[in-house]
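Student: I have just opened this structure and would like a friendly tour. Could we look at it together?

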Amino acid sequence: MRALVLGGSNFVGANLVRQLVAGGHNVTAFNRGQTQAQYPPEVQRLYGDRKNHAQVREVLGGKDYDVVYDISGLTADDTAIMVELFSGRVGHYIYTSSAGVYERRYYAPVTEDFPYNEIEYADYARGKAATERLLFQAHRERGFPASMVRPWMVFGPRQPSAAREQIFFLRVERNRPVFLPFNGYVHLQYGHVADLAGLFIKMTGNPRCFGEAYNAAGPDVITMNRYLQIIGRLAGKEVDLVYLDYLAAQEAVTAKRDLWPMPWHSSKMASIQKAKDHFGFWPKYNSDQCTEDTYRWFKAQGLDKMEYDFSFEDQLLARYGNDPRYRVRISPDGDLPQTLMRG
Ligand SMILES: NC(=O)c1ccc[n+]([C@@H]2O[C@H](COP(=O)([O-])OP(=O)(O)OC[C@H]3O[C@@H](n4cnc5c(N)ncnc54)[C@H](OP(=O)(O)O)[C@@H]3O)[C@@H](O)[C@H]2O)c1
């Protein structure tokens with residue numbers, strides 16, 4: 001199979017490239033060449049900035065592929081040029097969207113027919129939704145063979161956003177109190193980068209997937225408390241938690257988004273049944289395994305020695321840490337805190 005990966009050098013794309021090469025496919029990666037990466041020697045490289053349409057036309061125009069994996073598209077404009085160039089020239093066009101496109105609802109799990117979030121769009125999610133609309137329209141009107149994949153938080157080695165996993169690991173490693181919203185019972189769902197690549201490959205070339213969107217997430221859902229307990233077990237430590245009520249949490253995360261760069265005020269749980277029904281995909285990694293694999297990489301890279309400025313958290317501690325009613329210690333193996341669940 002001739003595969004073009006738009007992106008391919010950072011995390012999701014790099015993992016996909018490696019799995020494709022391991023599967024014996026003919027792989028080309030297109031990017032600007034700015035992100036440092038080590039490619040398997042078999043990978044062909046094409047260079048260009050997808051924001052520069054004249055350049056994209058010159059580099060990708062007239063080429064044919066069995067599949068294009070669009071990992072790097074953030075805006076509809078980024079992908080409109082690809083639809084123009086690859087109409088009639090690609091067997092399957094698979095776009096990496098995001099769980100951020102969904103509206104918040106009062107019930108779970110989130111299925112792929114949930115509406116787009118028209119109210120509180122961040123630029124990132126707005127760009128993903130606009131791109132999906134463009135691709136759905138191209139499929140409807142011209143049969144363009146597009147599919148959308150909507151990942152929840154992606155874990156695994158080389159996850160580039162330090163605040164999300166690495167700083168949580170660091171807090172526990174350094175015996176720092178960890179702030180959590182409410183009583184730590186917001187639910188998290190994530191998936192493994194290798195499972196995401198596996199899903200991309202498994203759906204490839206299946207006409208059932210054209211014009212369809214698929215959630216991509218792990219098979220289980222955990223609370224933030226449980227996330228911290230898993231980290232504590234990996235680090236061999238008890239974890240000291242400080243809970244913040246809604247207003248305190250909102251003020252803190254507004255001042256420093258890095259505190260919880262994940263959904264922190266509501267739980268968003270995915271149904272992953274559609275991918276199973278349409279093309280038989282089910283993820284291999286659960287939450288414990290996702291966290292463990294990411295943590296092992298973190299340790300192997302020596303990231304536990306990284307510099308991080310905890311002064312904001314010191315201020316929070318001075319303000320909120322003295323009330324024992326909001327402090328809980330969780331052991332690596334014991335029961336999770338019930339302290340604030342009574343009544
Ligand atoms: N990580 C998560 O938890 C998560 C969750 C939901 C969705 N997603 C989505 O998954 C995708 C994953 O991103 P990733 O960083 O892991 O993917 P990646 O494909 O491994 O890396 C991003 C690639 O895009 C290239 N790139 C960036 N700007 C470009 C431009 N203007 N023109 C051409 N190439 C460009 C970069 O290379 P150069 O810098 O060399 O150009 C790099 O190869 C994103 O679309 C993200 O929105 C991620």
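Student: Let's begin with W152. Is W152 buried or exposed?
Tutor: Keep in mind that this is a predicted model. The relative accessible area of W152 is 7%, and a residue counts as buried when that value is under 20%. So W152 is buried.

Student: Where in the chain is W152 found?
Tutor: Look at the strands on either side. One is β6 (146–151) and the other is β7 (153–155). W152 is in the loop between β6 and β7.

Student: How far apart in space are W152 and A270?
Tutor: In sequence, W152 and A270 are 118 residues apart. W152 nevertheless touches A270, and its other contacts include A99, Y102, Q189 and K268. From C-alpha to C-alpha, the distance between W152 and A270 is 7.9 Å.

Student: What share of contacts in the whole chain join residues at least 24 apart?
Tutor: Here we take contacts between residues at least 6 apart in sequence. Of those, the share joining residues at least 24 apart is 77%.

Student: Now for D78. Is D78 buried or exposed?
Tutor: D78 is part of helix α3 (residues 76–86). Leaving aside neighbours within four places in sequence, D78 is in contact with R50, K51, S72 and G73. Its relative accessibility is 2%, so D78 counts as buried.

Student: Which helix gives the most to the largest nonpolar core?
Tutor: That core has 46 residues, and F168, L180, Y227, L228 and W260 touch the most other members. Seven of the core's residues come from one helix, covering residues 224–235. That helix is α7.

Student: How many residues are in the other core?
Tutor: This other core lies apart from the largest one. Among its members are I81, Y121, F144 and M148. The number of residues in it is 37.

Student: Which radius of gyration does the protein chain have, and why does it agree with a compact globule?
Tutor: The chain has 343 residues, and a compact globule with that many would have a radius of gyration near 20 Å. Along its principal axes, the C-alpha trace spans about 65 × 40 × 35 Å. The chain's own value agrees with the globule figure because it is 21 Å.

Student: How far apart lie the centres of the positive and negative side chains?
Tutor: The chain has 41 positive and 39 negative side chains. The centres of these two sets are separated by 1 Å.

Conventions. Residues are numbered from 1 along each chain as its sequence is written. This is a predicted model: local features need pLDDT of at least 70, side-chain atom pairs count only at pLDDT 80 or more; totals for chains, interfaces and linings use all residues. Side-chain values use heavy atoms; hydrogens and water are left out. The radius of gyration is taken over C-alpha atoms; the globule rule is 2.2 Å times the number of residues to the power 0.38. Contact means heavy atoms within 4.5 Å. Lys and Arg count as positive and Asp and Glu as negative; His and the chain ends are not counted. The place of a charge is taken as NZ of Lys, CZ of Arg, CG of Asp or CD of Glu. A nonpolar core is a set of buried Ala, Val, Leu, Ile, Met, Phe, Trp, Tyr and Cys residues joined through side-chain atoms within 4.5 Å. Buried means under 20% relative accessible area, exposed over 50%, partly exposed in between (1.4 Å probe, protein chains only). Helices (H or I, at least four residues) and strands (E, at least two) are DSSP runs, numbered from the N terminus.
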